[in-house]
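Here are a few exercises to work through with the model open beside you. Try each task before you read its solution.

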Amino acid sequence: MNPILSQVLASARDRHVPVIDDDSREILIRAVEEVKPRRILEIGTAIGYSASLMALNSEATIDTVEMDDTRRQEAISLWKRLGIDDRIHAYLGNADEILESVVEGKEYDFIFIDGPKSKYLSHFLICLPHLSAGGVVFADDVLYFGMVEGEEFIPHKHRTIVTNLRQFLATVQADERLECTIVREGNGVAIIRKK
Ligand SMILES: C[S@@+](CC[C@H](N)C(=O)[O-])C[C@H]1O[C@@H](n2cnc3c(N)ncnc32)[C@H](O)[C@@H]1O
């Protein structure tokens, strides 16, 4: 991996900043290399690690949304160090409130959903009309520590997330306009292609 990104990953782990795990990272890079997107949308920038991976493995321009400005500023500094800042635009705000205006009038061929797990479905439904035919939505952590497909008791604090992720997966799997593959590695990834 790029040595700057290796440092960023170590620092994220030290500080408990949530970034994509190693299993999902490799799946994400493979998906980006396969789709060869020109325009990417990301929900959940954090400190810019996954956006950097996508930028360095494609020629795409990226729009990314983050509500924590300290993280967003750290991301922008990282992209400058990597020389990819001219291809990434970081929107500041709550995706629930700003996502519609971010995507308005735009089309993306790759959308990485990695914001609040309980909002995957609502964010997906906002994004879907803005996904090109043949484009891919990549959603991370959809199996949520095995709780989404498991039969075990779900602790109260995780119930909304698990219920909403189940609803998200059921919705995309039932939609005949979409092809959904679930990769059961790590916390699970959904790769959803618009036909
Ligand atoms: C899992 S982290 C993203 C990790 C990043 N994609 C990576 O792999 O490097 C999720 C991020 O979403 C942000 N977030 C949570 N709820 C949000 C919301 N409603 N709108 C925008 N950002 C949100 C959090 O602040 C956090 O930085």
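**Exercise 1. The shell around the ligand**

Find which elements each supply at least two residues of the shell around the ligand, then describe that shell.

*Solution.* Keep in mind that you are looking at a predicted model.
- Step 1: α3 (49-56), β2 and α5 each supply at least two residues of the shell.
- Step 2: The ligand has 18 residues around it, and those that come nearest are Ile20, Gly44, Tyr49, Ser50 and Ala95.
- Step 3: Sorted by character, the shell residues are 9 nonpolar, 4 polar and 5 charged.

**Exercise 2. The two sides of α5**

Work out which residues of helix α5 are buried and how they are arranged around its axis.

*Solution.*
- Step 1: Helix α5 covers residues 95-103, and its buried residues are Ala95, Leu99 and Val103.
- Step 2: Looking down the axis of α5, you find these buried residues within an arc of 35°, so they line one face of the helix.
- Step 3: On the face turned away from the buried side sit the exposed residues Glu97, Glu100 and Ser101.
- Step 4: The packing partners of the buried residues of α5 are β1 (39-43), β2 (61-66) and α6 (120-127).
- Step 5: Just after the helix comes Gly105, with a positive phi of about 75°.

**Exercise 3. A closer look at Glu100**

Decide from its C-beta neighbours whether Glu100 is buried or exposed.

*Solution.*
- Step 1: Locate Glu100 in helix α5.
- Step 2: Count the other C-beta atoms within 10 Å of Glu100, and you get 12.
- Step 3: The cut-off for an exposed residue is 12 or fewer, so Glu100 is exposed.
- Step 4: Now look along the chain to Ile126, 26 residues apart from Glu100; the C-alpha atoms of the two are separated by 6.5 Å.

**Exercise 4. Two positive phi angles in one loop**

Compare the surroundings of Asp141 with those of Phe145.

*Solution.*
- Step 1: Asp141 is in the loop between β5 (131-140) and α7 (159-174), and the loop between β5 and α7 also holds Phe145.
- Step 2: Asp141 is not a glycine, yet its phi is positive, about 65°. Phe145, not a glycine either, has a positive phi of about 55°.
- Step 3: Asp141 has 22 other C-beta atoms within 10 Å and is buried.
- Step 4: Phe145 has 13 C-beta neighbours inside 10 Å, so Phe145 counts as partly exposed.

**Exercise 5. The hairpin**

Determine in which sense strands β6 and β7 pair, and over how many bridges.

*Solution.*
- Step 1: β6 (residues 178-183) and β7 (residues 189-194) pair in the antiparallel sense, over 6 bridges.
- Step 2: To follow the pairing on screen, pick Cys180 and look across to Ile192 in β7, which stands opposite.
- Step 3: The two strands form a hairpin with 5 residues between them, and Gly186 in the turn has a positive phi of about 55°.

**Exercise 6. The whole protein**

Check how the radius of gyration of the protein agrees with that of a compact globule.

*Solution.*
- Step 1: Start with the elements: the protein has 7 helices and 7 strands, in the order α-α-β-α-β-α-β-α-β-α-β-α-β-β.
- Step 2: For 195 residues, a compact globule would have a radius of gyration near 16 Å; the protein has 16 Å, so the two agree.
- Step 3: Along the principal axes, the C-alpha atoms fill a box of roughly 45 × 40 × 30 Å.
- Step 4: Of the 195 residues, 39% are buried.
- Step 5: Take the contacts between residues at least 6 apart in sequence: 65% of them join residues at least 24 apart.

How values were computed: Residues numbered from 1 in each chain as written. Predicted model: local features only at pLDDT ≥ 70, side-chain atom pairs only at ≥ 80, totals over all residues. Helix = DSSP H or I, 4+ residues; strand = E, 2+ residues; numbered from the N terminus. Rg over C-alpha atoms; globule rule 2.2 N^0.38 Å. Buried ≥ 20, exposed ≤ 12 C-beta atoms within 10 Å, placed from the backbone. Contact = placed C-beta atoms within 7 Å. Arc of directions from axis to C-beta. Near = placed C-beta within 6 Å. Nonpolar A, V, L, I, M, F, W, Y, C, P; charged D, E, K, R; others polar. Pairing = 2+ DSSP bridges.
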